[in-house]
Structure formats: structure tokens, C-alpha cells
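Thanks for making time this morning. I would like to walk through one model with you, beginning with its sheet and ending with its charged side chains.

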Amino acid sequence: FLTSRSFHDDRARFDPAVDMKLRAVLLLATICVAPHVAVRADDACADETCASHLNDLRGVLANAEDVADYVVRLRRELHLQPELMWTEHKTSAVVKRELTAMGVSFEEISAPGVVATIGSGSAPVVALRADMDALPVTEESDIPLERRSQIPGKMHACGHDGHTAMLLGAAKVLKSVEPELRGTVRLVFQPAEEGGAGARRMLEDGLRRATPPIESSFALHNWPYPETPSGTVGIRDGTIMAGSGSFEITFTGAGGHAAVPHKNVDVVVCGAAAVMATQTIVSRLTDPLDSALVSTTIFKAGGEASNVMGDRAVLAGTFRALDPRTFEWLHGRIEHVAAATGAAHGCDVNVDFFPVSNGVRREEYPPTVNDVKAAALASSVATSMFGDDAVVNVSPVMPAEDFSFFAEEWPSAMMWLGAYNVTAGATWPLHSGKYVLDESVLHRGVAMHVAYATEFMSTGFRG
């Protein structure tokens with residue numbers, strides 16, 4: 001059950017008088033029945049109806065605090081054994097182990113993906129999503145050695161271990177109040193966010209056909225940046241994250257002795273020119289008020305000998321935009337620049353927008369667009385639990401998320417969980433080998449999952 005200590009902000013001082021009053025209110029609330037009516041605690045029963053304890057949002061925060069140690073323990077277990085996209089089998093096994101222990105039913109969709117179900121089995125239905133995959137990054141963080149990744153060259157450098165642990169914590173809280181739930185919660189443990197479009201695959205493999213149908217979805221991403229310090233959350237309606245794609249450009253020339261470059265076709269010079277030319281796509285061809293980027297991050301050419309010119313150079317990188325029209329336009333400009341540069345230097349050119357990385361094809365993601373009403377609901381419950389000052393109206397950013405596919409399917413909200421904490425050493429960016437996740441915020445993520453789901457089931461977007 002949700003407790004009265006939820007009603008005071010977790011940063012506020014304890015007030016015995018208020019606590020006594022709220023205990024009395026909650027006692028009445030648990031006796032009375034008021035389906036689909038949300039009432040403020042201090043106004044409970046004023047109109048001869050009583051609020052369910054599930055509408056006590058700060059009570060949700062209290063219950064989330066109760067599972068904080070459980071969530072941290074799970075996160076640390078997952079952090080030791082990171083798995084890359086579409087190989088998250090051990091992670092999936094941990095998820096299924098914990099769900100089984102809770103008595104929560106689940107099914108595999110897009111294995112190793114898992115979808116659990118808690119609630120009445122009837123509408124309304126809300127989906128809560130967490131991603132599970134890690135990155136091909138070597139951990140260099142300052143956390144104790146025994147808590148670092150045990151898999152060389154792999155690391156949870158984007159915090160998906162924390163995301164998975166938070167959703168399991170939410171499952172534990174929701175299961176404890178399952179008889180009181182006014183609808184159904186689907187908990188989606190998703191593989192392959194880091195370039196594999198696992199969200200789209202899960203939709204195609206059955207999630208969009210689930211019955212009763214999902215009506216809204218919610219997700220969190222830890223955000224270890226100064227604009228969202230630990231203790232805050234970030235939200236906005238409309239576009240919050242960019243659309244993203246990858247490119248791989250191969251230039252083929254004619255190698256030979258480096259002492260006679262005029263008898264060869266130099267792919268290094270051609271590739272270097274292409275790196276510089278692609279930068280003009282944004283700096284000279286894109287409206288300065290339209291956010292876009294093209295970044296070359298890989299340049300491979302030649303062999304080991306300094307006096308030998310190779311006959312093949314490969315450039316690879318990423319391109320992004322907030323506007324879907326600009327994102328589509330970038331494809332053509334990258335192809336044009338690559339072809340023109342190759343022609344100018346006498347090289348054959350091939351451009352691939354779906355390169356294979358670690359044996360898996362990298363997919364394109366559309367921009368992540370928060371539904372206005374879903375974002376308002378997420379902001380409202382966060383304000384109720386954490387206070388006005390803890391909810392930050394953020395600006396859109398160029399990183400991308402395949403939660404965008406869910407947002408195209410249902411009214412949805414992606415929220416950032418503030419996780420920038422100098423004291424905890426959590427100041428390194430996502431995807432860095434030095435990245436550290438501030439574990440002290442994880443219970444807040446649990447609370448947001450539970451609160452979004454229970455409020456949506458109680459009031460929809462009318463609350």
C-alpha cells in the first residue's frame with residue numbers, strides 16, 4: 001500500500017501534525033471506492049467520493065524508495081555482464097528470473113525482448129519501456145574494480161542497466177497494488193536500442209497488435225549533464241531528440257608506391273577532401289535555424305607501410321536532424337558530396353546508409369516527438385512527487401532514441417532522469433568509457449514509471 005509519508009516532498013522536513021492528518025485521510029481513502037475519479041488528498045470525500053491510494057503520487061515515491069536497494073542491487077548485477085544489441089540473453093534471463101519471483105506473467109517478443117503484464121487485463125493499457133543493450137566500449141570509470149564491467153570491450157556506457165533495473169523496480173511496486181489497478185500495464189524490456197531498432201522490431205512482432213491495445217507509452221533515459229542535475233527530470237512536448245542515420249562511404253582508387261603518386265589514384269587525399277566537404281552540408285547548405293549535423297567518426301585507409309599508397313579508403317559517421325524533412329534531405333546531400341569528391345579525384349564511390357556493425361545492420365531512427373498531452377501528464381506527476389523546481393523544461397538534443405517508433409505508434413512521452421552529480425563522480429557523458437551512473441536517482445525513475453502508469457489508467461490525459 002502507498003503510505004502517508006508520500007505526501008511530503010522527499011526533501012522537506014517531517015511535520016507530525018500534517019502526517020497525522022494525512023494518515024486519517026488515507027484511511028478513509030482505502031475504505032471508500034471511487035473508480036476513475038482523481039481527488040486531491042486534502043479534498044478527499046468533499047464531494048462524497050474518496051480518492052484511491054493509487055492517486056497519491058507522493059505515496060508512489062515512498063513505495064519507490066522502499067525498493068531502492070533492490071534496484072541498485074539489480075543494476076550492479078547487470079553492469080557486470082554487458083551485452084551488445086540482439087545478444088542480451090543473460091540480461092533477459094535476469095529480467096525473467098525477477099518477474100517469475102514476483103509472480104508477474106510475461107512473454108518473449110523479439111527475443112531476447114520481454115513483455116510483462118500487470119493489472120486487470122482490461123483497458124486502459126499503458127506501456128512502460130526500458131532498453132537492455134550495452135555498447136562496444138572499454139570501461140575506464142572510477143568505480144571500484146569489482147563493480148566494473150567484467151567483459152572486455154563491452155560496457156553499459158549509456159545506463160541501460162539502470163533503465164532495466166528501474167523498470168523491474170516499477171514491476172515490484174505495481175505488482176504489490178495489482179488488485180487496485182484500474183487497467184493494464186505492459187512492461188517492455190527492449191533489446192537493440194543502440195542502432196538495431198529493437199523498438200520497431202517489437203512493434204512488428206506483435207506489440208502493436210496486443211489486446212487490449214496499448215493507448216500510451218512512457219520511457220526514461222538517464223541524463224548525466226549539467227542542465228539536469230540529480231534530483232531533477234527533464235521533459236518537453238514536441239521533438240525532444242533527433243532523427244539519426246549512419247553512412248559508410250567507400251572510395252576505390254589505385255594504390256602503388258608512395259614515391260610516384262602521379263601514377264596512382266590517392267584515396268587518402270580523396271577521403272580527406274570528402275571529410276571536409278561533408279562539413280559544408282550543415283555549415284553552408286542548411287538553414288542556420290534548422291538543427292542538423294554530419295560527423296565523420298571513422299577513416300580507414302592504407303596498410304602498415306608508410307611508403308605504400310592503398311587503393312581503398314572507408315569513411316563512416318552519423319547524420320542527424322530534428323526536422324524529418326531535413327533528415328531525408330541529408331541523404332541526398334551526402335551522396336552528392338561523396339560522388340562529386342570521388343569524381344574530382346578519380347575514385348569510384350559507394351555510399352551505404354545501412355552499414356553493418358558487429359554483424360548487425362545499423363538502422364535509421366526518426367526524431368523522438370513527445371505527444372503534448374503525454375508530456376503534460378509526465379510533467380504533472382513529476383511536479384506532484386518532486387516539486388516544481390525539480391521539473392526542467394529542456395531543449396531538444398541531437399542524440400537519438402528508437403523509442404521514437406513507439407512515439408509514432410501511440411501518444412507517448414520520453415523523459416530524462418537527471419543524473420549529473422559531481423559528488424558521485426557522475427559527470428562524464430553518455431557513451432564515454434568513464435561514464436558513471438548516479439544510483440541515488442534510480443528510485444525516482446521507478447516512481448515516474450509507476451506514477452505515469454497509474455495516473456494514465458485513472459484519468460487518461462484528463463488529469
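Before I describe the sheet, one definition: two strands are taken to pair if DSSP finds at least two bridges between them. Please also keep in mind that what you see is a predicted model.

With that in hand, we can say that eight strands make up an open sheet, that their order is β1-β2-β4-β3-β5-β18-β6-β17, and that the pairing is mixed. The edges are occupied by β1, residues 105-108, and by β17, and because each of these has a single partner strand, one side of each is left without a neighbour in the sheet. If we ignore direction, neighbouring strands of this sheet are turned against each other by 25° on average.

Let me look at one pairing in more detail. Strand β6, residues 233-235, and strand β18, residues 412-418, run antiparallel and are joined by two bridges. Gly 234 stands opposite Trp 416 in β18.

Now to the helices that cover these strands. Helix α4, residues 89-102, lies across β1, β2 and β4, and runs at about 20° to β2. Helix α9, residues 372-386, lies across β5, β6, β17 and β18, and in this case the angle, about 35°, is given relative to β18.

That brings me to the charged side chains, where a search of the whole structure finds 14 salt bridges. Which residue forms a salt bridge with Glu 98? The partner is Arg 97, with the closest N and O atoms 2.8 Å apart. Glu 98 is buried, because its relative accessible area of 13% falls under the 20% cut-off, whereas Arg 97, with a relative accessible area of 39%, is partly exposed.

Arg 129 deserves a moment of its own, since I have two salt bridges to report for this residue. The side chain of Arg 129 meets that of Asp 131 in a salt bridge at 3.7 Å, N to O, and both of these residues are buried. Arg 129 also meets Asp 402 in a salt bridge, here at 2.8 Å, N to O. This second pair links distant parts of the chain, with Asp 402 in the loop between β17 and α10, Arg 129 in strand β3, and their positions 273 residues apart. Asp 402, like Arg 129, is buried.

Finally, Arg 75, Arg 76, Asp 161 and Glu 439 are joined into one network by salt bridges that share partners.

Notes. Residues numbered from 1 in each chain as written. Predicted model: local features only at pLDDT ≥ 70, side-chain atom pairs only at ≥ 80, totals over all residues. Heavy atoms only, no water. Salt bridge = Lys/Arg side-chain N within 4 Å of Asp/Glu carboxyl O. Buried < 20%, exposed > 50% of the residue type's maximum accessible area, 1.4 Å probe, protein only. Helix = DSSP H or I, 4+ residues; strand = E, 2+ residues; numbered from the N terminus. Axes fitted to C-alpha atoms, helices over the stretch in contact; angles between N-to-C directions. Contact = heavy atoms within 4.5 Å.
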